[in-house]
Amino acid sequence: MNENEKTLELIETRRSVRKFKPDAVPKEILEKIVRAGTYAPSGMGWQSPIILAVTNKELRDELSKWNARIMGTDSDPFYGAPAVLVVLADKSKPTYLYDGSLVMGDLMLAAHALGLGSCWIHRAKEEFESPEGKELLRSLGIEGDYEGIGHCIVGYTDGEEPKAQERKPGRACFVE
């Protein structure tokens, strides 16, 4: 299998993981995943999204509490994942939402390529619109009008990787 076919296989086999081992992901591996996210396409090359790589357990747990409160649950919306990569994008750029979404996709593919599980967890928008979220960004020295796009939770999969569902027919239309 050549490199191009391997890339296509990674795209086809990546699935959302919702059960993680508590083992920490080595920083070198997280750095590779984050780097891949910084290479996602962005409108006009603005590179408006930023990534907060959260491995500090206290902050990770605090983000989980905020997210759970928004969702209306007491459970951990991060499914025990030890790392949370929060993608935020600069709202002053007209393509910020798309740009941040592409970063999320690259993060999940990179995690899969490196043997880790991942999942896109929503409610980052609400988290970082809250006073606590804005204060967190200020405390980290992040200034500007950023919107939370998503959380890419990352870790070692606990159990088997989920299998792909059958693809629905009619999702592609070739016009020749």
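**Exercise 1. Ser48 and its surroundings**

Task: Locate Ser48 in this predicted model, decide whether Ser48 is buried or exposed, and state which residues Ser48 touches.

Solution.
Step 1. Ser48 lies in the loop that connects helix 2 and strand 1.
Step 2. The relative accessible area of Ser48 is 5%. Buried means under 20%, so Ser48 counts as buried.
Step 3. Leaving aside residues up to four places away in sequence, Ser48 touches Leu88, Ala89, Asp90, Lys93, Tyr96, Asp99 and Tyr146.
Step 4. Among these contacts, Asp90 and Tyr146 stand opposite each other, with Tyr146 in strand 4.

**Exercise 2. Residues with positive phi**

Task: For Gln47, give the value of phi, the place in the chain and the exposure; then give phi and the location for Arg123.

Solution.
Step 1. Phi of Gln47 is positive, about 55 degrees, although Gln47 is not a glycine.
Step 2. Gln47 belongs to the loop between helix 2 (27–38) and strand 1, the loop in which Ser48 is also found.
Step 3. With a relative accessible area of 59%, Gln47 is exposed, the cut-off being over 50%. Ser48, by contrast, is buried.
Step 4. Arg123, likewise not a glycine, has a positive phi near 80 degrees.
Step 5. The loop between strand 3 and helix 5 holds Arg123.

**Exercise 3. The sheet**

Task: In what order do the 4 strands of the open sheet stand, and which strands stand at the edges?

Solution.
Step 1. The order is 1-2-4-3, and the pairing is antiparallel.
Step 2. Strand 1 and strand 3 (117–121) each have a single partner strand, so each is an edge strand with one side left without a neighbour in the sheet.
Step 3. On average, and with direction ignored, neighbouring strands of this sheet are turned by 25 degrees against each other.
Step 4. Helix 3 (residues 57–71) packs on the sheet and touches strand 1, strand 2, strand 3 and strand 4. The direction of helix 3 makes about 115 degrees with that of strand 1.

**Exercise 4. Bridges between the strands**

Task: State how many bridges join strand 1 to strand 2, strand 2 to strand 4 and strand 3 to strand 4, and give residue partners.

Solution.
Step 1. Strand 1 (residues 49–54) pairs with strand 2 in the antiparallel sense over 6 bridges. Here Ile50 has Leu88 of strand 2 as its bridge partner.
Step 2. Strand 2 and strand 4 (residues 146–155) are also antiparallel and pair over 8 bridges. Ala83 stands opposite Val154, Ala89 opposite Glu147 and Asp90 opposite Tyr146.
Step 3. Strand 3 and strand 4 run antiparallel and are joined by 5 bridges. In this pairing, Ile121 stands opposite His151 of strand 4.

**Exercise 5. Burial of strand 2 and strand 4**

Task: Why is strand 2 described as largely enclosed by the rest of the structure, and how many residues of strand 4 are buried?

Solution.
Step 1. In a regular strand the side chains alternate between the two faces of the sheet.
Step 2. On one side of strand 2 are Ala83, Leu85, Val87 and Ala89, and on the other Val84, Val86, Leu88 and Asp90; all are buried, and both faces are covered.
Step 3. Because 8 of the 8 residues of strand 2 (residues 83–90) are buried, strand 2 is largely enclosed by the rest of the structure.
Step 4. In strand 4, 10 of the 10 residues are buried.

**Exercise 6. The largest pocket**

Task: Give the volume of the largest pocket, its lining and the helix that gives the most to that lining.

Solution.
Step 1. The volume is about 170 Å³.
Step 2. Lining residues are Lys91, Phe128, Glu129, Lys134, Leu137, Arg138, Ile142, Glu143, Gly144, Asp145 and Tyr146.
Step 3. Helix 5 (124–129) and helix 6 (131–139) each supply at least two of them. Helix 6 gives the most, with 3 residues.
Step 4. By class, the lining holds 4 nonpolar, 1 polar and 6 charged residues.

**Exercise 7. The largest cavity**

Task: Describe the space in the largest cavity and the residues that line the largest cavity.

Solution.
Step 1. The count is 1 cavity of 30 Å³ or more, and the largest cavity holds about 30 Å³ of space.
Step 2. Arg14, Arg15, Val17, Met108, His112, Leu116, Gly117, Ser118 and Glu161 form its lining.
Step 3. At least two lining residues come from each of helix 4 (96–113) and strand 3.
Step 4. The lining divides into 3 nonpolar, 3 polar and 3 charged residues.

Key: Residues are numbered from 1 along each chain as its sequence is written. This is a predicted model: local features need pLDDT of at least 70, side-chain atom pairs count only at pLDDT 80 or more; totals for chains, interfaces and linings use all residues. Side-chain values use heavy atoms; hydrogens and water are left out. Buried means under 20% relative accessible area, exposed over 50%, partly exposed in between (1.4 Å probe, protein chains only). Two strands pair if DSSP finds at least two bridges between them. On a 1 Å grid over the protein atoms alone, a cavity is a set of points where a 1.4 Å probe fits but cannot get out, and a pocket is an open set with protein on both sides within 12 Å along at least five of seven lines; lining residues have an atom within 4 Å of a point. Grid points are joined across faces, edges and corners, and a volume is the space filled by probe spheres set on the points. Ala, Val, Leu, Ile, Met, Phe, Trp, Tyr, Cys and Pro count as nonpolar, Asp, Glu, Lys and Arg as charged, and the others, Gly among them, as polar. Axes are lines fitted to C-alpha atoms, for helices over the stretch in contact, and angles run from 0 to 180 degrees between N-to-C directions. Contact means heavy atoms within 4.5 Å.
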